Amino acid sequence: MKTYSCVLLLSVLYGLFSCTNQTSSSSKTPLTLKEAYKDKFLIGTALNTDHTNGSEKSTTLLIEEQFNSIVAENCMKPEEVHPSENIYDFRKADQFVEYGEKHNMFIVGHTLIWHSQVPDWFFENEDGTTCSRERLIERMREHIYTVVGRYKGRIHAWDVVNEAIDDLEGLRKSKWYQIIGEDYIELAFQFAHEADPNAELYYNDYSLILSHRREEAVKLIKKLQKKEIRVDGIGMQAHYGLDYVKIPDFERSITEFSALNIKVMLTELDISVLPFPTEKISAEISQKYEMLPEFNPYTDTLPDSIQQQLAQNYVDLFKVLLKYEDKVSRVTFWGVNDEHSWRNDWPIEGRTDHPLLFDRNNQPKEAYYSIIELGEAVNNTKKQVL
Ligand code: XIL
């Protein structure tokens with residue numbers, strides 16, 4: 001609370017100062033997210049088709065005003081682009097890439113190899129039995145070559161492997177792992193690099209602030225680096241909840257990952273304001289719980305006290321991100337406004353969540369203003385606020 005007031009005070013002082021300072025931006029035109037963080041890191045958002053086909057005008061305008069990077073929320077996942085072995089459907093993915101190019105955005109493809117949202121045919125023979133290691137490697141190679149190859153030189157970066165770490169220990173025993181073995185990860189990176197040698201390649205996962213997951217991720221990246229496999233960055237998904245993040249843990253993950261000499265980024269940031277129905281916090285999309293009224297308390301509006309708590313949670317994260325601005329390359333929110341957020345349906349379907357910076361009418365929330373003020377204050381006080 002104290003630090004937040006300090007940031008507010010500084011930004012008020014900055015507002016007064018900038019009225020008399022011709023070289024700084026005018027206090028009358030508030031900065032947008034991408035402007036406030038322009039010298040720090042990219043500010044991204046996840047898009048779905050409604051954003052890129054023009055059917056949601058006000059959201060589209062907001063995207064263009066606020067963000068300089070986009071990631072595909074669903075349209076590049078194997079179940080969408082490659083529903084059966086001989087069928088690719090790139091209609092939505094093409095539209096997504098064209099949109100990003102038109103607006104000069106840093107475009108991220110999501111995701112090539114993951115245990116979710118991948119059709120069963122990848123892992124099966126025609127008779128339904130499990131396919132061989134060789135066959136799965138060949139399918140993986142063909143999939144990656146086709147998808148990455150199609151957008152060669154146009155998509156700037158790929159989430160190559162998603163969520164390969166197990167919730168309890170070691171690597172996740174996904175079908176990729178079971179059929180190919182743990183070298184499926186390096187093969188995926190190798191194929192992606194061959195398909196577009198200039199694209200940045202990332203490993204992406206959730207709950208990387210938990211110590212065992214952090215350690216496993218460090219081990220994984222080191223192993224890939226030892227084998228001279230190209231990995232450019234690590235994506236911390238960052239699907240959080242109110243007061244879920246212990247800041248020292250968050251900071252430790254950023255320092256340990258950046259010590260590996262790779263870029264660090266938040267790739268799917270959202271902070272749910274709703275009670276999480278279990279102690280086992282993750283972002284495993286198959287986690288589903290029954291809806292009970294006490295799990296859905298803010299169906300009409302979000303009380304001021306919760307708006308403030310949400311804002312403070314965002315400020316706490318952004319202070320750390322700013323402290324490591326030379327290590328952090330991008331912060332991407334998982335969605336544009338609360339209406340579209342996947343958190344309305346995960347891990348309980350049909351709730352009303354408020355996890356993002358813009359409400360259901362695309363109006364900025366207190367969390368938005370707090371982050372802008374923090375960015376402005378830091379820009380003008382050379383980090384004294386941190
Ligand atoms: C989510 C999408 O937001 C939903 O629309 C979809 O129904 C399920 O997947 N981790 C990831 C993302 O890497 O791809 C997931 O996206 C959220 C968790």
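Me: Before we start, buried means under 20% relative accessible area, exposed over 50%, and partly exposed in between (1.4 Å probe, protein chains only). What makes Cys131 count as buried?

Reply: Cys131 has 5% relative accessibility, and the cut-off is under 20%, so Cys131 counts as buried. This is a predicted model, where local features need pLDDT of at least 70, side-chain atom pairs count only at pLDDT 80 or more, and totals for chains, interfaces and linings use all residues. Residues are numbered from 1 along each chain as its sequence is written, and side-chain values use heavy atoms, with hydrogens and water left out.

Me: And why is Cys75 called buried?

Reply: Cys75 comes out at 11% relative accessibility, so Cys75 is buried too.

Me: How many disulfides does the structure hold?

Reply: Zero; a disulfide would take a pair of cysteine sulfur atoms within 2.5 Å.

Me: What makes the link between Glu268 and the ligand a polar contact?

Reply: A polar contact here is a pair of N or O atoms within 3.5 Å. For the Glu268 side chain, an N or O atom is 2.8 Å from a ligand oxygen, so the pair qualifies. Asn74 has such a side-chain atom at 2.9 Å from a ligand oxygen, and Gln237 has a polar side-chain atom at 3.3 Å from one.

Key: A polar contact is a pair of N or O atoms within 3.5 Å; within protein, one must be able to donate a hydrogen and the other to accept it, and residues adjacent in sequence count only if both atoms are side-chain atoms.
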